[in-house]
Amino acid sequence: MKNNNATAIIYARTTKSDNPMLEIKRQEAYCRAYCINHGFELADVYFDIDSDKKSSRKGLQGALEDYSDSKKQVVLVVIDYEVIADTLEELDAIETLLEGYGSKLLCLEDVECKCGDEFEAMISRKQNGHE
């Protein structure tokens, strides 16, 4: 499936990890594989480490600011809802904000295909010289 009109921004966050950068890179890799395999143009990757409060999430704030400046439809890609919001109210507020920009949130835990399988397929293609 090709999404020629959509630009993707990836957002990753971790609060509880022995190796936070490894967890951020894992989330980014899964989201990146999904974007590549579905034809999204990847604009940027944002992340936050050990930020429990929304007000201190500079990465999330940067990603949301990209929406307001974009002329294209932008899709914010996350691996699961806990990355983007700690409460349902916070999630609703973010989705409403994105809709106001003509954009949307894409959570890979809602996508039927397995992003891990897509990641493995992408690595296999690279190793075989097909990308």
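Here is a short note with a few points to look for as you turn this structure around.

1. **The model and its layout.** Please keep in mind that this is a predicted model. The protein has 5 helices and 4 strands. Starting at the N terminus, these elements follow the order β-α-β-α-β-α-α-β-α. If you trace the chain with that order in hand, the points below should be easier to place.

2. **Surface and interior.** The protein has 131 residues, and 42% of them count as buried. About 7,600 Å² is exposed, with carbon and sulfur atoms supplying 47% of that area. Contacts across the sequence are worth a look too: taking those between residues at least 6 apart, 75% join residues at least 24 apart.

3. **The nonpolar core.** The largest nonpolar core holds 30 residues, and the members that touch the most others are Tyr 11, Phe 40, Leu 76, Val 77, Ile 84 and Leu 106. Two or more residues come from each of E1, H1, helix H2 (58-69), strand E3 (73-78), H3, H4 and strand E4 (104-107). Leu 106 is a good residue to start from: beyond four places in sequence, the residues it touches are Tyr 34, Phe 40, Val 75, Leu 76, Val 77, Val 78 and Val 111.

4. **Two residues of helix H1.** Ile 24 sits in helix H1, and so does Glu 28. Is Ile 24 buried or exposed? Ile 24 counts as buried because its relative accessibility is 1%, under the 20% cut-off. Setting aside neighbours within four places in sequence, Ile 24 is in contact with Ala 12, Arg 13, Thr 14, Phe 47, Asp 48 and Ile 49. One of these partners, Ile 49, is 25 residues away in sequence, yet the two C-alpha atoms are 8.1 Å apart. Glu 28 is a charged residue by class, and it is also buried, with a relative accessible area of 12%. Its contacts, again leaving out neighbours within four places, are Ile 10 and Val 45.

5. **Two partly exposed residues.** Lys 104 belongs to strand E4. Its relative accessibility is 44%, so Lys 104 counts as partly exposed. Between Lys 104 and Val 74 there are 6.9 Å from C-alpha to C-alpha, although they are 30 residues apart in sequence. Gln 61 lies in helix H2. This residue is likewise partly exposed, at 35% relative accessible area. The C-alpha atoms of Gln 61 and Tyr 46 are separated by 9.1 Å, with the two residues 15 apart along the chain.

6. **The largest pocket.** Rolling a probe the size of a water molecule over the atoms shows where empty space is left. How much space lies in the largest pocket? The value is about 300 Å³. Its lining is made of 17 residues, with Arg 13, Thr 15, Asp 80, Glu 82 and Val 83 the closest to the pocket's centre. Strand E1 (6-14), helix H1 (20-37), helix H3 (81-84) and helix H4 (88-100) each give two or more residues to this lining. Sorted by class, the lining comprises 6 nonpolar, 4 polar and 7 charged residues.

7. **Where to look again.** Two elements tie several points together. Helix H1 contains Ile 24 and gives two or more residues to the largest pocket's lining. Strand E4 holds Lys 104 and gives two or more residues to the nonpolar core.

Definitions and conventions: Residues are numbered from 1 along each chain as its sequence is written. This is a predicted model: local features need pLDDT of at least 70, side-chain atom pairs count only at pLDDT 80 or more; totals for chains, interfaces and linings use all residues. Side-chain values use heavy atoms; hydrogens and water are left out. On a 1 Å grid over the protein atoms alone, a cavity is a set of points where a 1.4 Å probe fits but cannot get out, and a pocket is an open set with protein on both sides within 12 Å along at least five of seven lines; lining residues have an atom within 4 Å of a point. Grid points are joined across faces, edges and corners, and a volume is the space filled by probe spheres set on the points. Buried means under 20% relative accessible area, exposed over 50%, partly exposed in between (1.4 Å probe, protein chains only). Contact means heavy atoms within 4.5 Å. Accessible areas come from the Shrake-Rupley method with a 1.4 Å probe; for residues, only the protein chains shown count as cover. A nonpolar core is a set of buried Ala, Val, Leu, Ile, Met, Phe, Trp, Tyr and Cys residues joined through side-chain atoms within 4.5 Å.
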